[in-house]
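Q: Please take a close look at one helix and at what surrounds it. Then follow the chain outward to the other local features worth checking.

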Amino acid sequence: MQRQRLSRELLKMSSSPPQGICVYSKDDQYHLEAKLTGPQDSPYKNGVFTLDIVVPEKYPFSPPSITFVTKIYHPNIDDNGRICLDLIKMPPTGSWKPTIGLEGLLTAIRMLLECPNPDDPLMADIAEEFKNHHQIFLDKAKSFTEKYAQG
């Protein structure tokens, strides 16, 4: 683990936080928690979503494990909070690179809230709804946000 690298990343994010993202240590430097605010142009706006982050010993050569703690209605996030995003997977199935860093991952996850990828879903039924019954998807996602992601 490159402890200095993680320390620098956390210091940078605390002094100059990316839009809609806040990260802090939970138990120790390797167990973090993030808060994401839902993007304005999405059914998740006004929501605050908590993510659990476990940084592996091999970071940055292995990606952190990131899961949603807050329940969310999204085609790329399952009921256990797992996220389908190739940036958080090692090659060859994923596209993690050490240069991405924690801020890049969290920014990509927040962008996923704004632009779901129904063609690579974890939740096939929600992806089908997103594609074919978009208003129903929007209503359900907004309802989940109001119920589970308020502060």
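A: What follows starts with one helix and then works outward.

This is a predicted model. The part to look at is helix H2, which runs over residues 101–114.

Start with the length of H2. The helix has 14 residues. At 1.5 Å a residue, H2 should span 20 Å. The C-alpha atoms at its ends lie 21 Å apart, so the model agrees with the expectation.

Next, burial. Which residues of H2 are buried? They are Gly 101, Leu 102, Leu 105, Leu 106, Ala 108, Ile 109, Arg 110, Leu 112 and Leu 113. Note that Arg 110 is on that list. So are Gly 101 and Ala 108.

What do these buried residues pack against? One partner is a helix, H1 (3–15). The others are strands: E1 (21–28), E2 (31–37), E3 (48–54) and E4 (65–68).

The helix partner deserves detail. H1 and H2 pack with their axes 8 Å apart. The angle between them is about 50°. The two helices are therefore oblique to each other. On the H1 side, the contacts come from Arg 5, Leu 6, Glu 9, Leu 10, Lys 12 and Met 13. On the H2 side, they come from Gly 101, Leu 102 and Glu 103. Gly 101 and Leu 102 thus appear twice: they are buried, and they meet H1.

Now the chain before H2. Pro 98 lies in the loop between E4 and H2. It is partly exposed, because its relative accessibility is 29%. Beyond its neighbours within four places in sequence, Pro 98 is in contact with Arg 5, Pro 60 and Phe 61. Arg 5 also belongs to the set in H1 that meets H2. The C-alpha atoms of Pro 98 and Tyr 59 are 7.7 Å apart. Along the chain, those two residues are separated by 39 residues.

Tyr 59 leads to a backbone feature. The peptide bond joining Tyr 59 and Pro 60 is cis, with omega about 10°. Pro 60 sits in the loop between E3 and E4. A second cis bond runs from Pro 91 to Pro 92, with omega near 10°. Pro 92 is in the loop between E4 and H2, and Pro 98 is placed in that loop too. Most peptide bonds are trans, so cis bonds are worth a second look.

One more backbone angle stands out. Asn 46 is not a glycine, yet its phi is positive, about 70°. Asn 46 is in the loop between E2 and E3. With 56% relative accessibility, Asn 46 counts as exposed.

Strand E4, one of the partners of H2, holds Ser 65. Ser 65 is partly exposed, at 42% relative accessibility. Leaving aside neighbours within four places, Ser 65 is in contact with Asp 52, Ile 53 and Val 54. Its C-alpha atom is 9.1 Å from that of Arg 82, 17 residues away along the chain.

Turn to the cysteines. How many disulfides are there? The count is zero. A pair needs sulfur atoms within 2.5 Å. For Cys 84, the nearest cysteine sulfur is that of Cys 115, at 15 Å. For Cys 115, the nearest is that of Cys 84, again at 15 Å. Their surroundings differ in exposure. Cys 84 is buried, with 10% relative accessible area. Cys 115 is exposed, with 53%.

After H2 in the numbering comes helix H3, residues 124–132. Its buried residues are Ile 126, Ala 127, Glu 129 and Phe 130. They cover an arc of only 160° around the axis, so they lie on the same side of H3. Ala 124 and Asp 125 are exposed on the other side. What does the buried set of H3 pack against? It packs against helix H4 (134–148).

H4 contains Asp 139. That residue is partly exposed, because its relative accessibility is 46%. The C-alpha atoms of Asp 139 and Pro 43 are 7.6 Å apart, though 96 residues separate the two along the chain.

Back to the starting point. H2 agrees with its expected span, its buried residues pack against H1 and strands E1 to E4, and H1 is oblique to it.

Technical notes:
Residues numbered from 1 in each chain as written. Predicted model: local features only at pLDDT ≥ 70, side-chain atom pairs only at ≥ 80, totals over all residues. Heavy atoms only, no water. Helix = DSSP H or I, 4+ residues; strand = E, 2+ residues; numbered from the N terminus. Expected span 1.5 Å × (residues − 1). Buried < 20%, exposed > 50% of the residue type's maximum accessible area, 1.4 Å probe, protein only. Contact = heavy atoms within 4.5 Å. Arc of directions from axis to C-beta. Axes fitted to C-alpha atoms, helices over the stretch in contact; angles between N-to-C directions. Parallel < 35°, antiparallel > 145°, perpendicular 65-115°, else oblique.
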